[in-house]
Amino acid sequence: MALDPQLLDILACPDTHHAPLTHDADAQTLTCTECGRIFDIRDDIPVLLLDEARLPGNGSGPGGVA
């Protein structure tokens, strides 16, 4: 099951800037257009928790912590 396009239109980064997110269906992620944080989509549910987001170029896991 894919994410509903209407849901994607209203989702925003949970950080204070609330920037729009871009969807990568193949990677099952949402990426903030401002800060670049990458949020996973698990079982068709976006995990929009700052503590679990990854930073771009940092493959060390949730929160960017190794």
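**Gln-28 sits in the loop between β1 and β2.** The model here is a predicted one: local features need pLDDT of at least 70 and side-chain atom pairs count only at pLDDT 80 or more, while totals for chains, interfaces and linings use all residues. Residues are numbered from 1 along each chain as its sequence is written, and side-chain values use heavy atoms, with hydrogens and water left out. Strands (E, at least two residues) and helices (H or I, at least four residues) are DSSP runs, numbered from the N terminus. Gln-28 isn't a glycine, yet its phi is positive, at about 55°. Most residues other than glycine have a negative phi. With 29% relative accessibility, Gln-28 falls in the partly exposed class; that class lies between buried (under 20% relative accessible area) and exposed (over 50%), using a 1.4 Å probe and protein chains only.

**The hairpin around Gln-28 links β1 and β2.** Four residues separate the two strands, and Gln-28 is in the turn. The strands pair antiparallel over four bridges, with β2 covering residues 29-32; pairing here means that DSSP finds at least two bridges between two strands. Two of the facing pairs are worth picking out: Thr-22 has Thr-31 of β2 as its bridge partner, and His-23 has Leu-30 of β2.

**Zooming out, four strands make an open sheet.** Their order is β1-β2-β3-β4, and the pairing is antiparallel. β1 (21-24) and β4 (45-46) are the edge strands, each with a single partner, so one side of each has no neighbour in the sheet. Strands of a sheet pair through backbone hydrogen bonds, either parallel or antiparallel.

**The next hairpin is built from β2 and β3.** These antiparallel strands are joined by three bridges. Thr-31 turns up again here, this time opposite Ile-38 in β3. Five residues lie between the strands, and Gly-36 in the turn has a positive phi of about 85°.

**β3 and β4 form another hairpin, with two residues between them.** Asp-43 in the turn has a positive phi of about 55°. Two bridges hold the antiparallel pair together, and Ile-41 stands opposite Pro-46 in β4. As for cover, four of the five residues of β3 are buried.

**Asp-40, in strand β3, reaches Arg-54 through its side chain.** The two side chains share a polar contact of 2.6 Å. To count, a polar contact needs a pair of N or O atoms within 3.5 Å; within protein, one must be able to donate a hydrogen and the other to accept it, and residues adjacent in sequence count only if both atoms are side-chain atoms. Leaving out residues up to four places away in sequence, Asp-40 also touches Gln-28, Thr-29, Ile-45, Pro-46 and Val-47, where touching means heavy atoms within 4.5 Å.

**Cys-32 and Cys-35 are both free of disulfides.** The whole structure has zero disulfides, taking a disulfide as two cysteine sulfur atoms within 2.5 Å. The cysteine sulfur nearest to that of Cys-32 belongs to Cys-35, 3.5 Å away. Cys-35, likewise, has the sulfur of Cys-32 as its nearest, at 3.5 Å. Their surroundings are worth a look too: Cys-32 is buried at 4% relative accessible area, whereas Cys-35 is partly exposed at 27%.

**Ten residues make up the largest nonpolar core.** Its members are Leu-3, Leu-11, Cys-13, Ala-19, Leu-21, Leu-30, Cys-32, Phe-39, Ile-41 and Ala-53. β2 and β3 (38-42) are the elements that give two or more residues to this core. A core, as used here, is a set of buried Ala, Val, Leu, Ile, Met, Phe, Trp, Tyr and Cys residues joined through side-chain atoms within 4.5 Å. In soluble globular proteins, nonpolar side chains tend to be buried together.

**Away from the hairpins, look at helix α1 and the loop between α1 and β1.** Pro-5 belongs to α1, which covers residues 5-10, and counts as exposed at 56% relative accessibility. Pro-5 and His-23 are 18 residues apart in sequence, with their C-alpha atoms 9.9 Å apart in space. His-18 lies in the loop between α1 and β1. His-18 has a positive phi near 50°, and isn't a glycine.
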